[in-house]
Number of protein chains: 2
Amino acid sequence: MNGSDARLRWEELSRRRIASYAIFDLYSTLRAHGDGRRGEFVVLHAPDWVNVIPLVRTAEGVPAFIMVRQFRHGAGMITTEFPAGIVEQGEDPRDAAGRELREETGCRAGKLTLLGRVQPNPAFMGNWCSTWLAEDLSREGETRLDAMESLESLTVPVAEVTARMGTGEYINSLALVALSLYNRHLAEGA
Amino acid sequence: MNGSDARLRWEELSRRRIASYAIFDLYSTLRAHGDGRRGEFVVLHAPDWVNVIPLVRTAEGVPAFIMVRQFRHGAGMITTEFPAGIVEQGEDPRDAAGRELREETGCRAGKLTLLGRVQPNPAFMGNWCSTWLAEDLSREGETRLDAMESLESLTVPVAEVTARMGTGEYINSLALVALSLYNRHLAEGA
């Protein structure tokens with residue numbers, strides 16, 4: 001908190017739900033600024049999300065990630081991303097990371113390390129996305145997908161994921177966030 | 001396109017707008033999968049966005065970014081981010097980057113370089129966020145903010161921005177995306 005915060009901050013006077021959909025709810029929040037302004041702002045409530053970085057080695061010993069390809073309805077295209085999903089009500093984010101990894105790749109992680117947390121879009125959302133490094137992977141069984149999900153997993157060398165980020169199918173901002181948190185983790189010598 | 005794409009792809013049968021708000025519209029899209037499944041999915045239409053990385057040096061010659069602090073209504077807190085905003089209808093993203101920089105910091109950029117483009121949230125949004133490196137900055141005048149905006153700009157050493165990402169006020173995923181695109185640009189020796 002510093003001296004200028006009062007000039008920036010808005011206080012919430014009231015909040016009401018205006019619509020509910022499968023993956024988020026919309027709320028209208030009425031807010032007041034210290035200088036007398038008032039405004040009504042639409043915000044979107046979504047569950048927290050997890051990003052999982054499954055680190056493996058190729059048959060040649062090259063470091064690689066298990067990535068997932070899927071059709072994304074917002075983008076209207078197939079993307080390649082890290083395994084990811086929502087944190088269920090009451091679920092620990094670490095458990096959600098392990099569950100999403102199993103569901104989307106069929107692998108269990110011997111070790112899960114929290115690399116960082118960001119807000120996907122603080123302008124109109126308040127949820128958090130945590131990124132987990134998954135190591136010591138073992139094949140547990142088949143993938144288990146939601147009724148409306150179709151995806152495939154594939155192993156991609158780290159260098160290739162790094163080079164492709166921001167191009168082609170590698171355009172999900174949260175996958176780029178995950179990769180940058182992974183690189184910082186490496187740089188810290190962990 | 002590869003052989004498994006048909007197994008992943010959904011085709012849009014129809015799309016209708018279900019609600020309009022100040023910063024986005026909601027659509028319902030009816031889609032069919034090749035295996036016979038049908039589903040209705042809610043997607044959010046928002047304008048494209050720009051992220052601007054204003055690169056300067058402190059009085060001591062240390063590389064630094066001009067950052068902005070503002071209250072974010074989704075997060076309900078003050079964040080520190082790169083200058084950013086929406087691309088207006090018909091506006092070139094490069095022009096939007098220059099405009100947002102002037103509006104939020106009062107600076108004009110002699111040079112703007114596109115560092116990359118990502119989709120903020122392809123799961124339910126289809127818009128793009130492009131990141132621009134702004135160099136050769138000159139002070140042009142005062143900031144010009146929207147009626148409901150309050151923000152302050154500040155100069156922060158690059159090393160400090162890097163260390164703080166993912167903590168405290170530095171939790172906007174798109175600021176982390178911008179920083180990682182900047183780091184890749186540096187690594188490429190540009």
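What follows is a short dialogue on reading a predicted model with chains A and B.

Trainee: Before we start, how are the residues and chains labelled, and which parts of the model count?

Mentor: Residues are numbered from 1 along each chain as its sequence is written, while chains are lettered from A and ligands numbered from 1 in the order in which they are written. This is a predicted model, in which local features need pLDDT of at least 70 and side-chain atom pairs count only at pLDDT 80 or more, whereas totals for chains, interfaces and linings use all residues.

Trainee: What is the mean pLDDT of chain A?

Mentor: pLDDT is the predictor's confidence in each residue, from 0 to 100. Where pLDDT is low, the predicted coordinates should not be read in detail. Chain A has a mean of 93, with 98% of its residues at 70 or more. Among its elements, the lowest mean belongs to helix 1 (residues 5-8) of chain A, at 90, and the highest to strand 4 (residues 49-57) of chain A, at 98. The model as a whole scores ipTM 0.91 and pTM 0.92.

Trainee: How many helices and strands are in chain A?

Mentor: Helices (H or I, at least four residues) and strands (E, at least two) are DSSP runs, numbered from the N terminus. Chain A holds 4 helices and 10 strands. Chain A is also divided into domain 1 (5-45) and domain 2 (49-187), with bounds that come from an automatic or database domain assignment. The C-alpha centres of these two domains of chain A are 31 Å apart.

Trainee: Now the pair of chains. How is chain B related to chain A?

Mentor: Two copies of a chain are related by a rotation about an axis and a shift along it. Here a turn of 180° and a shift of 0.0 Å along the axis lay chain B on chain A with an RMSD of 0.0 Å; the superposition is by least squares on the C-alpha atoms of residues with pLDDT of at least 70 in both. The two copies are thus related as by a two-fold rotation axis. The same surface serves both, since 98% of the contact residues of chain B recur in chain A.

Trainee: How many residues of chain B are in contact with chain A?

Mentor: Two residues are in contact if their C-beta atoms, placed from the backbone, lie within 7 Å. By that test, 54 residues of chain B are in contact with 53 residues of chain A. Helix 4 (residues 173-187) of chain B gives the largest share of chain B's side, 6 residues.

Trainee: Is helix 4 of chain B largely enclosed or open?

Mentor: A residue is buried if 20 or more other C-beta atoms lie within 10 Å of its own, exposed if 12 or fewer, and partly exposed in between, with C-beta atoms placed from the backbone. In helix 4 of chain B, 11 of the 15 residues are buried, so this helix is largely enclosed by the rest of the structure. The buried residues include B:Leu174, B:Tyr182 and B:Arg184. After helix 4 of chain B comes B:Gly189, with a positive phi near 75°.

Trainee: Which sign does phi have at A:Asp136?

Mentor: Most residues other than glycine have a negative phi. A:Asp136 has a positive phi of about 55° although it is not a glycine. A:Asp136 sits in strand 9 (residues 129-139) of chain A and is exposed, with 11 other C-beta atoms within 10 Å. In the other chain, B:Asp136 likewise has a positive phi of about 55°.
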